[in-house]
Every structure is written in C-alpha cells, then in structure tokens.
Amino acid sequence: MTESQKSNVVILGIETSCDETSAAVLLNGRDLRSHVISSQITTHQKYGGVVPEIASREHSLHFQPVVQQALDEAKLTFRDLSAIAVTYGPGLVGSLLVGVSGAKAMAYAAGVPLIGINHLEAHIYANFLEHQDLKFPLLALLVSGGHTHLILFEAHGQYKVLGHTRDDAAGEALDKVARTLGLGYPGGPQIQRIAQEGNAEAFNFPRAMLEPGSLDFSFSGMKSAVLNTLNSAHMRGETLSVPDIAASFQQAVVDVLVRKALLAIKETRVKTLLLAGGVAANRLLRETLDQKLAEKGVCLVYPSPIFCTDNGAMIATAGYYHYLKGDFAPWTLNAVPGLGLV
C-alpha cells in the first residue's frame, strides 16, 4: 500500500452462517474492493432446504479459496488488513464454527484485531454500503428466512427491538409454502416468480395482526391456512391454481409486513425505514412499501438484491463501524447459534 493508503481502514468480512461462504474486502466503509460468494443452493435443492451437516462441510471446502479470491481481487494481502470481521451468530452452529475458527486463525497470524459480528446487525448495515447519508434515528424492517424484526436503530450499536416473530419468520413461511406447492428451494424467489402469473385476490388467507397495537409478527397460521386449503381441495378431488395460491399468499405476507411497518413508523415518528434481509429483495414488498411510505413522507431505503441475501460485504460494513469504536473480540470468541440482537 502507498503511504496514503496506510491510514485507511481495510476490513476483511467473512460470512458462513448458513449456506453461503462469502468474503469481501472493504476500504473505509464505502469502497468495496472485492466481494466473493460461493453458494450452496444447488447442493441443498435436492433436499428441499439446507442440511446443516452438509452446509458445514461445504464451508470447510470453500472457506480458504473464497478468502484468497477476495484478497486477490482487491490486490491486497493479509498484511494490508486493519481487521477481520466474522459472523459469530445467529445461524447454524457448524457453519458458524467454520467461519469463526478460520477468522480467528487468520487474524492471529496476521496480527490484526478480530471483530465478531451479529448476523442480524449486518443485514441492517448492508444499507450503509450504498447509502452514505443515512441519519439517525432509523427504523429497520428485517425480513429473512429465520427472522422477522422491527428494530429502532438509534445510533451505531444502539438498537431497540420493537417487534419480532412469535413463530415462523416470513422467509421461513415462504419456503415452506413453496415446498408444499412443489416449487423448490429457495422458496421466496420461486413464490415471487410464479405469483406474477396468478391472481392475488383468488384466496383470502388470514392476516394475523395479534393484539391491538402489537408490533410482533405471526406467519404460522397463514402458512397453515394454505396447507388446509390444499388438503381440502385434494380430498374433494379438485385442482387449485398454483400461481393463484402463490400470489394470494405472497400478498398476505406483504400486507402484514407493511401494516406493521406503518404502525411502527406512527409510533416512532422516524423518517427513514431500512429494509433488510433476504425477503427485502421481494419486488412486491419494495413497491408496496415505497408507495405507502411516500404517502406519509417517509423514505424507504434497501440494498441491492446481492446484498439482501447473506454476504461478506455486509459483515465488512458492520465490522468497519465496530472498528471505529475499537470494539474488538477476544480470542475466545465462539459461535452463538441463538444470538439475539440485544
């Protein structure tokens, strides 16, 4: 590096919480020098979902090549790094351990700090990679396969969970319904694809809003309603339109997410909503939120689709802000599969 580059903050971000092995090199929290993702989707498709043992084995095989490729594409070496950031939870324990163990070894050998990153926090920080003028306080709607949260983001590192799912997360419900419909894995993109051919008003699936004023979510009943509809039709010898079911179910999920987000905005009076997580790539959700929030003078911010799913760039971005605070992890850092946000 040149003399001017030596004062820069260079973070290597590593993500292995589920079925993506990813690494990214980020300069000064904004300049993404490289971003590598090795996906296991085709490996797990035959099983209809992620098999934890297979996932951890795949991470072990691809971890080193992915990290090396990220460094090579950034034209940097371990000596150029300021710190190494890695997801330590939540996620699949075997997958997390591959990333944490590898990151600890590399950071120790390179003589740079280790930064432990909460996967949920990183999804929110994916927005900071492409949007440089975000002003606190912010409201985050985090929607992924394992989590559905409404979070008040008051300052870097300061969060308040306003609502969370009491059963299935939105992405989990989408995956399960997609599997039942024979659409394959991952379910969210498949539901979105086939829903374009269907009528979203064909079936009136329930929208669980829970107690008055509650910001929690519940998608289990909605999922069960789809299964009951299909089973009842099967017993009667009827064939239902898969596109219509997909479109109606997707609409029901989006309706709940949007209503809850609007309720949280009314309570907090924030002017910016951050959309985060894998389901943040859903076009219907984005378009509906865009329209509803514009009517209330609230700005909607979301990452590019590549940064919605699990990726190393979001880990590096979150790591950058931890680095600025000197928030480093001890060498005893371990995987915490059930890690919460606060």
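Student: How many salt bridges does the count come to?
Tutor: The model is a predicted one. The rule asks for a side-chain nitrogen of Lys or Arg within 4 Å of a carboxyl oxygen of Asp or Glu. By this rule the number of salt bridges is 9.

Student: Asp216 forms a salt bridge with Arg166; how many residues apart are the two?
Tutor: The closest N and O atoms of Asp216 and Arg166 are 2.9 Å apart. The pair links distant parts of the chain, with Asp216 in the loop between H6 and helix H7 (220-235) and Arg166 in the loop between strand S8 (158-164) and H5. Their separation along the chain is 50 residues.

Student: Is Asp216 buried or exposed?
Tutor: Its partner Arg166 has a relative accessible area of 40% and is partly exposed. Asp216 has a relative accessibility of 13%. Buried means under 20%, so Asp216 counts as buried.

Student: Which residue forms a salt bridge with Lys176?
Tutor: The closest N and O atoms of this pair are 3.5 Å apart. Lys176 is partly exposed at 26% relative accessibility, while the partner counts as buried at 8%. That partner is Asp168.

Student: What is the relative accessible area of Arg236, which forms a salt bridge with Glu238?
Tutor: The closest N and O atoms of Arg236 and Glu238 are 3.1 Å apart. Glu238 counts as partly exposed, at 40% relative accessibility. Exposed means over 50%, and Arg236 is exposed, with a value of 52%.

Student: Which residues are joined into one network by salt bridges that share partners?
Tutor: The pair of Lys176 and Asp168 forms a salt bridge. Through shared partners, salt bridges make one network of Asp168, Glu172, Lys176 and Lys223.

Student: Which side chain of opposite charge is nearest to Glu121, and how far away is it?
Tutor: Glu121 lies in helix H4 (residues 119-130). Glu121 is buried yet has no salt bridge. A salt bridge needs the nitrogen and oxygen within 4 Å, so the nearest side chain of opposite charge does not qualify: Lys325, at 6.3 Å.

Student: With which side chain does the side chain of Glu121 make a polar contact?
Tutor: Leaving out residues up to four places away in sequence, Glu121 touches Tyr159, His322 and Leu341. One of these makes a polar contact with the Glu121 side chain, at 2.6 Å. The side chain in question belongs to Tyr159.

Student: Where is Pro90 found?
Tutor: The peptide bond that leads from Gly89 to Pro90 is cis, with omega near -10 degrees. Pro90 itself is in the loop between strand S4 (83-89) and helix H3 (93-110).

Student: What is omega for the cis peptide bond from Tyr185 to Pro186?
Tutor: Pro186 lies in the loop between helix H5 (170-180) and helix H6 (187-195). For the cis bond that joins Tyr185 to Pro186, omega is near -5 degrees.

Student: What is phi of Lys75?
Tutor: Lys75 sits in the loop between helix H2 (52-74) and S4. Its relative accessible area is 73%, so Lys75 is exposed. Phi is positive here in a residue other than glycine, with a value near 60 degrees.

Student: Is Arg269 buried or exposed?
Tutor: Arg269 has its place in the loop between helix H8 (242-268) and strand S9 (272-276). Phi of Arg269 is near 60 degrees, again a positive value in a residue other than glycine. With a relative accessibility of 72%, Arg269 counts as exposed.

Student: What radius of gyration does the protein chain have?
Tutor: The chain holds 10 helices and 10 strands, and its C-alpha trace spans about 70 × 45 × 30 Å along the principal axes. For 342 residues, a compact globule would have a radius near 20 Å. The chain agrees with that, at 21 Å.

Student: What share of the contacts with a separation of 6 or more comes from residues 24 or more positions apart?
Tutor: Of the 342 residues, 53% count as buried. The chain exposes about 14500 Å², of which carbon and sulfur atoms supply 51%. Among contacts with a separation of 6 or more, the share from residues 24 or more positions apart is 73%.

Key:
Residues numbered from 1 in each chain as written. Predicted model: local features only at pLDDT ≥ 70, side-chain atom pairs only at ≥ 80, totals over all residues. Heavy atoms only, no water. Helix = DSSP H or I, 4+ residues; strand = E, 2+ residues; numbered from the N terminus. Buried < 20%, exposed > 50% of the residue type's maximum accessible area, 1.4 Å probe, protein only. Lys, Arg positive; Asp, Glu negative; His and termini not counted. Polar contact = N/O pair within 3.5 Å; in protein donor to acceptor, adjacent residues only side chain to side chain. Contact = heavy atoms within 4.5 Å. Rg over C-alpha atoms; globule rule 2.2 N^0.38 Å. Areas by Shrake-Rupley, 256 points an atom, 1.4 Å probe, with all protein chains shown as cover.
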